[in-house]
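Reader: I should like to understand how the helices of this protein are arranged. May we go through the structure step by step?

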Amino acid sequence: MAIKLFCYRKGNSILHKIPALIKILFMMVFCVTCFLGGQMEISEEIFQKWVLIQLLYCSCICILLFFLGKGKFSTVLQMKWVLWFGLLVTVFRIYPDYKNGLLAGGLYTIRFFFASFACQLIFETTSSLEIREGFEDVHKVVCKVLPFMKNINLAFVISLAVTFIPEVFETWNKVRLAKKARQGKNRRFFQNLLVEITALLSVLLGLAETKRKAILNRGFSI
């Protein structure tokens, strides 16, 4: 399956029409909300009433975002990597207390799924140009209050960092497709993974260098 994590999807849904900055700020707040309460190690803490309310709230928000963004079932399938990551975390938590470790790992996986799914829906409905323009609008307002900020292009730096996230996954997708086209199916999983990661890092370094040169040519001061 092609990797489309955090990659923009064209559309005219309600979520597409909401200003990028509002969505980015909401995403940050929501991710913090998902992990409120910190890590919980025993079942008595995990099954507190407020924790269950928190999970219900997060699930409702994710469902709402899914319908507002006219999400597709493939979007949900893209989140299967969260389960593998959660399984890895759980394995390290079950020793020495198997029961509480299993519950703590499960809670972390659910929280991480909600946060990742919301980010996926936000990035799917927000283009890199919209993200950059949103941060630039805020920067203009800040400069009116704090004139010295004109010399610090913070909006550009933040937008560049945020938009680089989907580019990583989009590049990984291209690397995987190119490898499959040349080699076909190969059952050696770990060897394939090592080749893909090596190629990904090489391409990303080239992409980062190209961006750096483009920024310098345009005269941006960072």
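Reader: Which residues of H4 are buried?

Author: This is a predicted model, in which local features need pLDDT of at least 70, side-chain atom pairs count only at pLDDT 80 or more, and totals for chains, interfaces and linings use all residues. Residues are numbered from 1 along each chain as its sequence is written, and side-chain values use heavy atoms, with hydrogens and water left out. Helices are DSSP runs (H or I, at least four residues) numbered from the N terminus, and buried means under 20% relative accessible area, exposed over 50%, with a 1.4 Å probe and protein chains only. In H4 the buried residues are Val-51, Gln-54, Leu-55, Cys-58, Ser-59, Ile-61, Cys-62, Leu-65 and Phe-66.

Reader: Within what arc do the buried residues of H4 fall, seen down its axis?

Author: The arc is taken from the directions from the helix axis to the C-beta atoms. On the other side of H4, Lys-49, Leu-56 and Phe-67 are exposed. The buried residues line one face of the helix, because they fall within an arc of 160°.

Reader: Which helices each supply at least two residues of the largest nonpolar core?

Author: A nonpolar core is a set of buried Ala, Val, Leu, Ile, Met, Phe, Trp, Tyr and Cys residues joined through side-chain atoms within 4.5 Å. The largest has 19 residues, and Phe-30, Leu-65 and Phe-114 are among those with the most contacts inside it. At least two residues of this core come from each of H2 (20-34), H4 and H7 (98-124).
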